[in-house]
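Here's a relaxed walk through one structure, meant for someone who hasn't met it before. Take a look at the model first, then read on.

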Amino acid sequence: TKRSFGHFDVNRVFAGLCRHSFTIVFLDMVRSGEHSKYMLAFLYHFMTACREDRKRLGLLDDPPGSLAVGYDIACGMVDKIARSPLSETAGNERLQMLIGLLHGYAHNRLCQLSFLLLYINGAGIEDLKVCERYFLHSNALAPVTRYMSKFRHRQAISNYAYHRDNLETYHNLSRFLYSNYKQVLTIIGRSKDTARVLKAVGLLDPNNAISWLDEERKYLESRQKIPEEDALKLVYYLSLVKLAECQDSLARAQRTFRLELGLAGVSEVGQDGDGLFLTERQMANAQEMEAKLLLDVQSFEERLELRRDQRWVNGSEEWKQAAELVSTAKYRKALDWLEGLIVARIFELSKMNLAGTGYKMRQHIGDAMKKRSKAILLALDNYNEAATALKPPRKLLGWDDVLNYTYLSEFDFLRDTQMDILQKPWAKPAVREAMSELFKLMRAGEELDRLHVEIKRLVTNMKEEEEYIR
């Protein structure tokens with residue numbers, strides 16, 4: 001139909017640019033919206049071109065460094081790339097997905113530790129917001145190309161990209177390098193103040209900051225699952241509970257079947273036949289389920305090294321301990337989930353309140369925090385439900401108790417978790433700010449090394465161009 005074909009109308013473009021704002025590729029986007037296929041197509045185009053360029057120049061097959069690509073939802077693209085036909089190419093090109101600063105602080109803390117530029121070696125001081133600045137100028141093309149044919153539409157965009165690359169971006173390249181150099185020198189100029197702050201918080205070795213990041217990542221990952229030592233006993237107990245419920249259901253079905261079979265024997269032929277058939281089917285289903293659950297129970301008993309006569313039964317000491325373990329595990333899981341959300345929220349708010357954070361970034365982080373508050377509210381309900389089921393019940397938390405706190409030290413319930421996060425050095429606000437300054441200083445040093453290479457290349461190109469013109 002006309003409406004369905006309308007979803008394939010081209011109404012926007014997907015752009016890929018280098019950090020200097022030179023155009024790499026433009027892709028037509030259809031009305032269905034932005035999907036991962038555009039990013040995968042861009043990566044295929046660019047990684048293939050990089051490999052062919054090395055072959056043309058006679059260089060080694062392995063790239064000299066990692067290929068860093070910034071994308072607003074880079075964290076979600078990693079799994080998609082791994083499942084796509086590009087996985088091998090991405091591994092050969094040492095692809096490193098990154099998140100720009102504007103969107104990065106709106107992602108959860110675990111995502112930031114893996115993809116935010118501040119924590120990636122070699123990322124420099126770029127913010128990866130080149131496309132936003134490019135579209136700010138190219139939006140004037142929209143009313144011009146809206147009613148063009150497909151050929152003229154692409155021709156206008158290509159001509160604009162050619163004009164901007166050769167007459168604007170290239171001419172502003174020295175200004176770009178100069179502004180980056182000034183920014184780097186400003187950050188390095190604060191190195192003495194940074195050193196005093198690091199000394200004040202006890203962070204004398206930069207390697208400690210890197211190890212603390214790894215420890216924080218492992219901590220946040222551990223909040224998302226039940227400890228392994230308790231998981232096997234918990235699953236075994238739940239399987240026994242299901243088996244007992246299934247056996248009770250089977251016994252009821254058998255009693256009902258025998259009763260209906262006796263009634264059918266003294267009644268007229270064909271009467272109550274449907275009810276008898278339904279009861280027989282329920283009994284057969286219960287028997288099949290019992291056999292399946294029994295196999296599961298036996299497999300868990302082998303892993304727990306329990307004999308047949310050591311099976312836990314209702315009322316035994318092991319059964320009571322397992323029931324208490326289940327209640328505690330639910331409480332721990334709810335507590336860990338709530339703790340992870342709150343810790344991530346406080347760490348993100350600490351960035352939101354730092355001096356130098358722009359208004360747009362603050363607004364972007366605030367919008368993300370409002371959306372994530374729904375997850376905190378759901379986690380809070382699960383926590384209160386699990387806390388009530390314990391004997392004795394644990395302290396209940398209210399919505400205001402969670403949202404009005406600013407520092408981790410204000411959360412008494414964090415001391416009840418499996419790891420006392422309050423004792424960790426990386427959980428203290430002063431240490432976190434000092435670590436941010438340290439990583440900025442490290443990224444500034446990487447940017448300075450890169451600028452020394454790019455400045456020489458630009459000057460050399462300018463001299464060769466002048467000689468060529470003469």
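Contact, as used here, means heavy atoms within 4.5 Å. Keep in mind that this is a predicted model.

Let's start with a single residue. Thr-194 sits in helix H11, which covers residues 191-200. Is Thr-194 buried or exposed? Its relative accessibility is 6%, and buried means under 20%, so Thr-194 counts as buried. Setting aside neighbours within four places in sequence, Thr-194 is in contact with Glu-437 and Leu-438.

Now for the nonpolar cores. The largest one has 24 residues, and those with the most contacts inside it are Met-39, Leu-43, Leu-95 and Met-97. These are the elements that give two or more residues to this core:

| Element | Residues |
|---|---|
| strand S2 | 23-30 |
| helix H2 | 36-57 |
| strand S3 | 67-70 |
| helix H3 | 74-83 |
| strand S4 | 95-98 |
| helix H6 | 109-115 |

H2 provides the largest share of this core, with 6 residues. What does Met-97 touch, not counting residues up to four places away in sequence? The list is Met-39, Val-69, Tyr-71, Ala-74, Met-77, Val-78, Ile-81 and Phe-115. Apart from this core lies another one, of 19 residues, including Leu-116, Trp-426, Val-431 and Leu-438.

Helix H3 is worth a closer look. Its buried residues are Ala-74, Met-77 and Ile-81. Seen down the axis of H3, they fall within an arc of 45°, so they line one face of the helix. There's a general rule that goes with this: an α-helix has 3.6 residues a turn, so residues three or four places apart point the same way. On the other side of H3, Ala-82 and Arg-83 are exposed. The cover over the buried residues of H3 includes H2, helix H4 (87-92), S4 and H6.

Finally, there's a pair of crossing helices. The axes of H12 (residues 206-222) and H18 (residues 429-469) come within 11 Å and cross at roughly 115°. The crossing of H12 past H18 is left-handed. Which residues make the contact? From H12 come Pro-206, Ala-209, Ile-210, Trp-212, Leu-213 and Glu-216, while H18 brings Val-431, Arg-432, Met-435, Leu-438, Phe-439 and Met-442. Sorted by class, this contact has 10 nonpolar, no polar and 2 charged residues. Leu-438 of H18 should look familiar: it is among the residues of the 19-residue core, and Thr-194 is in contact with it too.

Terms used. Residues are numbered from 1 along each chain as its sequence is written. This is a predicted model: local features need pLDDT of at least 70, side-chain atom pairs count only at pLDDT 80 or more; totals for chains, interfaces and linings use all residues. Side-chain values use heavy atoms; hydrogens and water are left out. A nonpolar core is a set of buried Ala, Val, Leu, Ile, Met, Phe, Trp, Tyr and Cys residues joined through side-chain atoms within 4.5 Å. Buried means under 20% relative accessible area, exposed over 50%, partly exposed in between (1.4 Å probe, protein chains only). Helices (H or I, at least four residues) and strands (E, at least two) are DSSP runs, numbered from the N terminus. The arc is that of the directions from the helix axis to the C-beta atoms. Axes are lines fitted to C-alpha atoms, for helices over the stretch in contact, and angles run from 0 to 180 degrees between N-to-C directions. A crossing is left-handed if the near helix is turned anticlockwise from the far one by less than a right angle, and right-handed if clockwise. Ala, Val, Leu, Ile, Met, Phe, Trp, Tyr, Cys and Pro count as nonpolar, Asp, Glu, Lys and Arg as charged, and the others, Gly among them, as polar.
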